[in-house]
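Work through the following exercises with the sequence and the 3D structure in view. Each task is followed by a solution that goes step by step.

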Amino acid sequence: MDYFVISGGNRLRGSLSVSGSKNASLPIMAAAILTEGETVLRNVPDLADIQHMMKLLTLLGVNVSRDADGTMRLRVVDEQNCHAEYELVRKMRASVCVMGPLLAKRHTAQVSMPGGCAIGDRPIDLHVQGLRTLGAEVELTSGDVLLRAKRLKSAEVFMGGPFGSTVLGTANVLMAAVLADGSSIIESAACEPEVIDLADYLIACGARITGHGTPRIVVEGVKTLHGCDWTVIPDRIEAGTLMVASAITNGEIALKNCRLDHLMAAIDRFRAIGIVVERDADGIVVSSARRLEPTIITTQPYPGFPTDLQAQFMTLLTMADGNSVITEKIFPDRFLHVAELTRMGARLRKEGPTVIIEGVKRLVGAPVMASDLRASAALVLAGLIAKGQTRISRVYHLDRGYQRFDEKLNSVGADIKRLVE
Ligand code: EPZ
């Protein structure tokens, strides 16, 4: 297993290009199940999670290949297998987003319940309830959800849950509704840019969708969908993570292929902390040359502050002049990074879904362990500024969602060694 040894203290300077969005790519790849003909996907990042989805789709009868330049081609060649098995789903929860397309196109879907993960329970009750509203018969059988529908019927589907809407639940219901008879409404839909990108891809394949990006999406069902040539949006969470890397090292990084409009909540907090974020010809420049101000952050559904940047901002705020407060409203248990940052000298106090961060002068390098994807990124960011060396084990968690993250950071002045245990 790979591990990192990071020598802290370097200021990062230079320019980086943001990779394509993991969380846009995964549902769009699954949506290819709905189409007849070839889909060409560009700007799909080269990540473990993407390879995992390629493997799952291959088992589901989709021919998936990648050219040398990373261009992905998908074409359905066999519709027999409709079972996404536990062995695959348990390793990547996002596999559940094959449920809607399998049901709509093949009239049956058997998907393993994903079970919990490092950031907490990951129920799919809203996904199942939404698909049932569209006419699916649902059965639970030995850990799998089995859905059947001869023909899905249009309906008004409410996607709101105790923590707001659901991103992949909205994706599943949207992908089912595009082939249902008649006009459906998805109320309390997720508004994330990744849902917008999925809807835009489906429209390019012949679907009839309006309102995507707002809480109310209207879908006119169509009979069939063709393939298309689609370029996936940039990864706003990778962009936000690289912005923190610039800010925390008092550096200056220019980010290319970065959609500023997808990062307004994060930019609002960067500016509150005293970080300079400016547009330039290719994207944005993030710099910080002063002590950081403490601030208050509460994670919300988009366009609120993204839960996927919570851990990274916690690392940043360990360096602020004073006490900050972070409240996690999407995944209340998403604090695996707290104990590891504490090992590095951070002063954090968790009170339920809230953590109080007392700013310190320095973090100190220590052996720490990566856990979930974004907590791993938070530990790398801490290693960049910690005194001495930080050893991060289990970096495979990081490789799930960041394309060659160590190489990117080293190219702007970091000192990260990737070694094998
Ligand atoms: C997507 O997960 C992202 N993953 C997550 O990013 C992201 O953190 C999350 O959205 C929230 O923005 C992908 O897109 C592949 P949800 P998703 O359903 O769709 C509860 C990363 O680091 N809920 O929007 O699975 C749920 O427990 C990953 O890239 C139900 O109660 O998240 C959570 O509290 C981590 N019932 C809240 O809703 C359901 O049926 C939001 O979850 C579904 C969800």
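**Exercise 1.** Find how much area domain 1 and domain 2 bury between them, and which residues of domain 1 supply much of its part.

*Solution.* Begin with the total for this predicted model: domain 1 and domain 2 bury about 1800 Å² between them, and 55% of that area is on carbon and sulfur atoms. Next, turn to the side of domain 1, where Tyr 302, Phe 331 and Arg 400 supply 31% of the area buried against domain 2, which is more than any other three residues supply.

**Exercise 2.** Locate the two domains along the chain, and state how far apart their C-alpha centres lie and how many residues are in contact.

*Solution.* Domain 1 is made of two stretches, 2-19 and 234-420, while domain 2 covers 22-231. The C-alpha centres of the two domains lie 30 Å apart. Then count the residues in contact, taking heavy atoms within 4.5 Å as the cut-off: 24 residues of domain 1 are in contact with 20 residues of domain 2.

**Exercise 3.** Describe the polar and charged character of the interface between the domains, naming one salt bridge.

*Solution.* Across the interface of domain 1 and domain 2 there are two salt bridges, and six residue pairs are in polar contact. Sorting the residues on the side of domain 1 that touches domain 2 gives nine nonpolar, four polar and eleven charged. For a salt bridge, look at Arg 400, which pairs with Asp 49, their closest N and O atoms being 2.8 Å apart.

**Exercise 4.** Which residues are closest to the ligand, and how much of the ligand's accessible area does the protein cover?

*Solution.* The ligand is surrounded by 24 residues, the closest of them being Arg 93, Leu 126, Thr 166, Asp 308 and Ile 330. Now examine the oxygen atoms of the ligand: one lies 2.7 Å from a backbone N or O atom of Leu 126, and an oxygen atom is also 2.7 Å from an N or O atom in the side chain of Thr 166. At Val 167, a polar backbone atom is 2.8 Å from an oxygen atom of the ligand. Finally, of the 820 Å² of accessible area that the ligand has on its own, the protein covers 92%.

Terms used: Residues are numbered from 1 along each chain as its sequence is written. This is a predicted model: local features need pLDDT of at least 70, side-chain atom pairs count only at pLDDT 80 or more; totals for chains, interfaces and linings use all residues. Side-chain values use heavy atoms; hydrogens and water are left out. Domain bounds come from an automatic or database domain assignment. Buried area is the accessible area (1.4 Å probe) that two parts lose on being put together, summed over both. A salt bridge is a side-chain nitrogen of Lys or Arg within 4 Å of a carboxyl oxygen of Asp or Glu. A polar contact is a pair of N or O atoms within 3.5 Å; within protein, one must be able to donate a hydrogen and the other to accept it, and residues adjacent in sequence count only if both atoms are side-chain atoms. Ala, Val, Leu, Ile, Met, Phe, Trp, Tyr, Cys and Pro count as nonpolar, Asp, Glu, Lys and Arg as charged, and the others, Gly among them, as polar. A residue is near a molecule or strand if one of its heavy atoms lies within 4 Å of it. Accessible areas come from the Shrake-Rupley method with a 1.4 Å probe; for residues, only the protein chains shown count as cover.
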